[in-house]
Amino acid sequence: ARSAVFAPVKNLGIIVVDEEHDATYKQNEAPRYQARDVAVVRAVREGAVCILGSATPSLESWHNREKGKFDYISLPDRVGGGSLPPVHTVDLRKELKNRKPGSGSSMVLSPVLKEAIGARIAKGEQTLLLLNRRGYSSFVQCLSCGGVENCTKCSISLTYHRNRGQMVCHHCGQSKKASAKCSSCSSSELSFKGVGTEQVERIVNETFPSIRVARMDVDTTSGKWSHQEILGRVERGEVDVLLGTQMISKGLDFPRVTLVGVINADVGMHLPDFRSSERTFQLLSQVAGRAGRGRLGGEVFIQTFLPEHYVLQSALKHDYIGFVRKEMSYRLNPTYPPLVRLINVVITSPDNECAADNIEMAIRFLAVASKRMSIADQVGVVGPAPCPIEKIQDRWRWHFLVRSASVSALNQ
C-alpha cells in the first residue's frame, strides 16, 4: 500500500514502486502525498536506489527521464518470450447504424465481440471484460417530466444498483431504496441511462446462459479476502468470463485468458481532468496486456465511438512513445504538468456565497503576496470556478489553480 513508503526500515537499500503510473499512489485527503514522489525523495535521502516500474510510465516520470534526472531501463520483450496480442477496435457508430429497429439487440456486446466470446467458450478458454463504471445504470430519468434522481447532499445523480435495489451516491455514499415511480411526478415511465458492470453481467448471462461469470468491482470485493476468492476461481478455471472495473486491468497473469474485451473505451476520456487521455491510454494498454500471456496467444477488442482518436490508435499499436509525443504536444498550450507544476486550491462551505466570496479573497491575497515576494511574473492563477462537482456532502466547492514552472516559487 502507498503508506508503506513511510515504513521504518533500517539500512534501506532499494525501493520498488510497481505500476508507478497508478493514480492510487496519490492520497487526496490529509495528509496529502504522492507515494511515488515520496519514494524518490526518501531513496535520495537514504542513499538507496528507487526503481519505478511500468509498461506505461506516467508523463512526469518520462519527462524526468528526458531531462536526465532518471536513468531508463527498457524491457522490450515479454516475460516468457510471448508477443503482445493484436488489438482491434469496434466502431460503435457503425454498430448503431447497422442495428435493426426493434431487434432488441444490445450495444453492450457487439456482434464481433459476442462471436469472439463464444469462440473462447467453445475452446474452454477464458475472457476478461472491462467497463470502468460500476452499478447497473449511471442515472434514472423520468420520461414524463424529464426529472433525474439526484443526491440530496451532492450535485450529482444517483447510480442505480439493481442487485441491491438501491439508488447510491458514489461520492458521499448516501443510498435509498429504488422506486418504481418518479419522485417528482409519480410516473412509472422510467428510463435507465448509461451502462454499469451490473448491467453488463446481466447481458452476458442472458447471451450465454450456460457460462460462469464473475464480477469484480467495489460492490463485490468489499469483504475480506474477496479479491483472492474471485481470482482463485479464475485461476482454477471455474470462471469463463471475468468482468470488472479497472481493478482487473493490472497484475493479473492467467495463461488461459486469451480474449480481452473493452465494453466502452470512451468512459473517462472526456472527464474535466487534463490527465484523462493519459489515464485512458494506460488503462487500455494495461488491460490489453492481460491477454495472451501463455502459449495460447490472445486477442483484444476495444469498443468505442472514437476509433480515430490518438489514444485508441496508440493503444492499437502498443505504441507508448507515439502516445507520449502526441499527448505532450497538447500539454504545451495551455501548459500543464509535467511541463509546469500545479497547485489546486479548493475552498468549501455549507454556504455557496461564502465559498465564492472567500475564494475571491484568497486570489487577492495571492496576488499581493506574490508581488511582495517578487515572484508575480513566475506564478499564474487560473480561475476561480466552481469545482466539476459543485457540492459534496452538503458543502459547496470552488477552486482555482496556481501554475508555475518554478518549484521554489510555488513553495514560497
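Across the whole of this predicted model, a search returns 8 aromatic pairs. One of them joins Trp62 to Tyr72 in an edge-to-face arrangement, with the ring centres 5.4 Å apart and the planes at 80°. The two partners come from distant parts of the chain, 10 residues apart: Trp62 belongs to helix α2 (residues 59-66), while Tyr72 sits in the loop between α2 and β5 (87-91). Their surroundings can be read from accessibility. Trp62 has a relative accessible area of 6% and is therefore buried, whereas Tyr72, at 44% relative accessibility, counts as partly exposed.

A further pair is formed by Tyr310 and Phe323, and here the geometry is stacked, with 6.0 Å from centre to centre and 20° between the planes. This pair, too, links distant parts of the chain, since Tyr310 lies in helix α8 (residues 310-316) and Phe323 in helix α9 (residues 320-330), 13 residues apart. Tyr310 is buried because its relative accessible area, 16%, falls under 20%. Phe323 is likewise buried, with a relative accessible area of 1%.

These four residues also share a wider setting. Trp62, Tyr72, Tyr310 and Phe323 are among the members of one aromatic cluster, which also includes Phe281, Tyr320 and Tyr330. Charged side chains meet aromatic rings as well. Arg65 places its charged end over the ring of Tyr72, at 4.2 Å from the ring centre, so Tyr72 has Arg65 over its ring and Trp62 as an edge-to-face partner. Elsewhere, the face of Tyr336 has Arg403 lying over it, 5.4 Å from the centre of the ring.

Turning to the fold as a whole, the protein contains 11 helices and 18 strands. Its C-alpha trace spans about 70 × 60 × 40 Å along the principal axes. The radius of gyration is 24 Å, which agrees with the value near 22 Å that a compact globule of 412 residues would have. Of the 412 residues, 41% are buried. The accessible surface comes to about 22,400 Å², and carbon and sulfur atoms account for 51% of that area. Contacts reach far along the sequence: among those between residues at least 6 apart, 69% join residues at least 24 apart.

Gly237 offers a local view of such long-range proximity. This glycine lies in the loop between α6 (226-235) and β13 (241-244) and, at 31% relative accessibility, counts as partly exposed. Gly237 and Glu125 are separated by 112 residues in sequence, yet their C-alpha atoms are 8.6 Å apart in space. Leaving aside residues up to four places away in sequence, Gly237 touches Gln126 and Arg212.

Helix α5 (residues 197-207) shows how secondary structure elements cover one another. Its buried residues are Thr197, Glu198, Gln199, Val200, Glu201, Ile203 and Val204. The cover over the buried residues of α5 includes four strands: β6 (126-130), β8 (159-161), β12 (213-216) and β13. Strand β13 is also one of the elements that bound the loop holding Gly237, and Gln126, touched by Gly237, falls within the range of β6.

How values were computed:
Residues are numbered from 1 along each chain as its sequence is written. Side-chain values use heavy atoms; hydrogens and water are left out. Rings of Phe, Tyr and Trp (its six-membered ring) pair if their centres lie within 6.5 Å; planes under 30 degrees apart count as stacked, over 60 as edge-to-face and the rest as tilted. Helices (H or I, at least four residues) and strands (E, at least two) are DSSP runs, numbered from the N terminus. Buried means under 20% relative accessible area, exposed over 50%, partly exposed in between (1.4 Å probe, protein chains only). A charge sits over a ring if NZ of Lys or CZ of Arg is within 6 Å of the ring centre and within 35 degrees of the ring normal. The radius of gyration is taken over C-alpha atoms; the globule rule is 2.2 Å times the number of residues to the power 0.38. Contact means heavy atoms within 4.5 Å. Accessible areas come from the Shrake-Rupley method with a 1.4 Å probe; for residues, only the protein chains shown count as cover.
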